[in-house]
Amino acid sequence: MTEEQFYEALQEKGFLLSDAQKQQFKRYFEVLVEWNEKMNLTAITDAPSVYLKHFYDSLTSAFYVDFIKYESVCDVGAGAGFPSIPLKIIYPHLHVTIVDSLNKRITFLNHLAGELKLENVAFVHARAEEFGRNPKYREQFDVVTARAVARLSVLSELCIPLVKQGGLFVSMKGAAASEEMKDATRAVKLLGAVLQNEHEFLLPEEDSERHIFVFEKKKQTPKKYPRKPGVPNKTPITAN
């Protein structure tokens, strides 16, 4: 997907980018490639793949969730800023918080935010489990999202505690999504959320399968969740 095809594909979905926004995506690509030479941020570095698999893919949730209606977004384990930085470029009004357990990625994101002149962004170096127990962040966000961080039964425990009541947890998944959803049913309910919508589509050009699950937070998450760092991954809340 070339730059031009990226903009055209977004326009087809109703997103007409300004010159300033186009420049932000261009600079994002440049900074990503530049920093990737000194630290491992992504295996994908050629422009057509970055525009398709990182930028376009990150924005697919916006085709189904109207982010205009929300103010605060938390991205759990965003790595090099996906999906929340592309979302921030498209929706400048958003207040974005990214939590990541690797400090070098936080360093990169701080530099990136400066290069892209982003305002109302915060980058927090923490384990997601500890972050979710911190009163400053717990149940404070309108939307919490994550892209391919962990399987859904684990991810639910990391993300749902951060969503305020009435807010959304938006999980972006690949081909194994349906199986993951079956395993995560009990976790989602226990943590206070319900599945509002599931969207299935193919990523353009390569036709790889994508699923977006949109969960609504109906009630407070029990205080015991998330459990200690490492525990959700070792012993996920399963359907059994």
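Here is a short tour of the sheet, the helices packed on it and the nonpolar cores. The model is a predicted one. At its heart for our purposes are an open sheet of seven strands and a nonpolar core of 54 residues, the largest in the model.

**The sheet**
- The seven strands follow the order 3-2-1-4-5-7-6, with mixed pairing.
- Strand 3 (121-125) and strand 6 (193-202) sit at the edges, each pairing on one side only.
- On average, neighbouring strands are turned by 15° against each other, if direction is ignored.
- Strand 5 and strand 7 run antiparallel and are joined by six bridges.
- If you look along strand 7, you will find Val214 opposite Val170.

**Helices on the sheet**
- Helix 5 packs on the sheet, where it touches strand 2 and strand 3, and its direction makes about 165° with that of strand 3.
- Helix 8 (residues 177-190) also packs on the sheet, touching strand 5, strand 6 and strand 7; its direction makes about 10° with that of strand 7.

**The nonpolar cores**
- Within the largest core, the residues with the most contacts are Phe6, Phe25, Ile85 and Phe108.
- Elements giving two or more residues to this core include helix 1 (3-12), helix 2 (19-36), helix 5 (103-116) and strand 5 (163-173).
- Apart from this core lies another, of 31 residues, including Val99, Leu152, Leu158 and Leu191.
- Ile85 is worth a closer look: leaving aside neighbours within four places in sequence, Ile85 is in contact with Tyr28, Ile98, Leu109, Leu112, Leu116, Leu118 and Phe123.

Terms used. Residues are numbered from 1 along each chain as its sequence is written. This is a predicted model: local features need pLDDT of at least 70, side-chain atom pairs count only at pLDDT 80 or more; totals for chains, interfaces and linings use all residues. Side-chain values use heavy atoms; hydrogens and water are left out. A nonpolar core is a set of buried Ala, Val, Leu, Ile, Met, Phe, Trp, Tyr and Cys residues joined through side-chain atoms within 4.5 Å. Buried means under 20% relative accessible area, exposed over 50%, partly exposed in between (1.4 Å probe, protein chains only). Helices (H or I, at least four residues) and strands (E, at least two) are DSSP runs, numbered from the N terminus. Contact means heavy atoms within 4.5 Å. Two strands pair if DSSP finds at least two bridges between them. Axes are lines fitted to C-alpha atoms, for helices over the stretch in contact, and angles run from 0 to 180 degrees between N-to-C directions.
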